[in-house]
Amino acid sequence: MSQPELPPGQQLVAAGKWPLIGECEPRHDVSAWVIAVHRGPALLGSFTLEELRGLGVEEQCVDIHCVTRWSKLGVRFEGIRLATILRLCGLETEDGFVSFVARTDRHHSTSLPLRDALRLGTLLAVSADGAPLGKEHGGPIRVVVPGRYFYKSLKWLERIDLLAEDRLGYWERTAGYHNEADPWLEQRYLAGGISPALAQQVLRDRDLAGRELRGLTAAGLDLTGLVASHSLLRNADLRGCQLAGASFVGANLSNAHFQGANLRDASFRSADLEGADFSGADLRGCDLREARMLGVSFVDRLSGSGAIIDAQTRIDVDALHVLTPDQHDYLREALRSWFRTPEVDPKS
Ligand SMILES: Nc1nc2c(c(=O)[nH]1)N[C@H]1C(S)=C(S)[C@@H](COP(=O)(O)O)O[C@H]1N2
Ligand SMILES: [Mo]
């Protein structure tokens, strides 16, 4: 079987799996679900779910690419085109921006240039692969923006705002996610928000505890014994670093790069490791218990460079089902070599 083409740095989830990311449910609200379209203060239109479905649904096959490096190809979404709704609202221009707002407690939102949203064929989806959208995946209605990282596909849509100026979405504002989000250009994150001077100082002191240093670049440095517990180090570049005995307890290391790092006896307990890369890192004696492992890499299949594991590496085998099959197999093999009986399946 030939490999399906994936954007750079993405890996396929196991067949039939669909990870759950971000908010898990809509706001508790007994009022009818109405989707309102606003331009500035003006209400251009509003639609109940029945009215929307009455407009007729179209099917579109969409490849899902999550910024935390998992992809799920060929999901058949059914829904109503954004273009259809905006036409009914009498909108004639493609200028400006569209912001989608969710029916959730934090009024989660995300935005796109309106022209891009229309050109990409944005869908307000009500079903996936032949079944109504599950509540956890944004049912009864979610946005699906083909050709963008999945954080542009808002779950539980209740409001569409047409804006002259862009308004950054929730993840774009709080997590530094790239506002353009093209997976083929790997637009995952904006550059880190810290000054080189501050980076120098905290690295010299080896104390990053509780700090926000998103996008930190520190490749190749000797940071033995670094204290980085509860820090925010999304997308940090720590490739090839000396990090023996470092503490990353409770840290957010989503998409961080640890390729080839020395992480002997380091602790990642309860850290968020979504999309982090440990290919070729030395994980002997390392503690990875209670960490979030979705999309974590331990082996680079191209170079064959794999993480080093030993009997003292602490890892919740139950949590490994969230890895992609490739990564799961590698880790299972690496762990198996430390079990007394080779037929023991660490999964069970
Ligand atoms: N309302 C809402 N929509 C959201 C999010 C969220 O937290 N809240 N997370 C986004 C992110 S980061 C992703 S990857 C997808 C995940 O959708 P899924 O849980 O159906 O896989 O939803 C996107 N839409
Ligand atoms: Mo995401």
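What volume does the second largest pocket have? The answer is about 290 Å³. Keep in mind that you're looking at a predicted model. Here's a quick tour of its aromatic rings and its empty spaces.

**Aromatic rings**

- Searching the whole structure turns up 12 aromatic pairs.
- Take Tyr149 and Tyr151: their ring centres are 6.1 Å apart and their planes sit at 20°, so this pair is stacked.
- Both partners are tucked away, as Tyr149 is buried and so is Tyr151.
- Phe248 and Phe268 make another stacked pair, because their ring centres are 4.9 Å apart and their planes are at 5°.
- Phe248 and Phe268 each lie in the loop between helix H5 (196–205) and strand E12 (299–300), so their pairing ties together parts that are 20 residues apart in sequence.
- Is Phe248 buried or exposed? Its relative accessibility is 0%, so Phe248 counts as buried.
- Phe268 also counts as buried, because its relative accessibility is 0%.

**One cluster and a charged neighbour**

- Tyr149 and Tyr151 belong to one aromatic cluster, together with Tyr170, Trp171, Tyr177 and Tyr189.
- Arg106 joins in here: its charged end sits over the ring of Tyr170, 3.8 Å from the ring's centre.
- The charged end of Arg106 also sits over the ring of Trp171, 5.1 Å from that ring's centre.

**The cavity**

- How many cavities of 30 Å³ or more does a search of the whole structure find? Just one turns up.
- The largest cavity has a volume of about 300 Å³.
- It is lined by 21 residues, and the closest to its centre are Ile21, Phe150, Tyr151, Lys155 and Trp171.
- You've met two of those names already, since Tyr151 and Trp171 are both in the aromatic cluster.
- The cavity lining splits into 12 nonpolar, five polar and four charged residues.

**The pockets**

- The largest pocket has a volume of about 740 Å³.
- Of its 25 lining residues, Gln10, Gln11, Arg301, Asp326 and Gln327 are the closest to the centre.
- Strand E1 (11–12), strand E12 and helix H6 (325–336) each supply at least two residues of this lining, and the largest share, three residues, comes from H6.
- By type, the lining of the largest pocket has eight nonpolar, 12 polar and five charged residues.
- Back to the second largest pocket, with its volume of about 290 Å³: it has 17 lining residues, and Pro19, Leu20, Leu294, His321 and Val322 are the closest to its centre.
- The lining of the second largest pocket divides into 12 nonpolar, three polar and two charged residues.

Notes. Residues numbered from 1 in each chain as written. Chains lettered and ligands numbered in written order. Predicted model: local features only at pLDDT ≥ 70, side-chain atom pairs only at ≥ 80, totals over all residues. Heavy atoms only, no water. Phe/Tyr/Trp six-rings, centres within 6.5 Å; stacked < 30°, edge-to-face > 60°. Buried < 20%, exposed > 50% of the residue type's maximum accessible area, 1.4 Å probe, protein only. Helix = DSSP H or I, 4+ residues; strand = E, 2+ residues; numbered from the N terminus. Lys NZ or Arg CZ within 6 Å of the ring centre and 35° of its normal. 1 Å grid on protein atoms, 1.4 Å probe; cavity = no way out; pocket = protein on both sides within 12 Å on 5 of 7 lines; lining within 4 Å. Points joined across faces, edges and corners; volume = space filled by probe spheres on them. Nonpolar A, V, L, I, M, F, W, Y, C, P; charged D, E, K, R; others polar.
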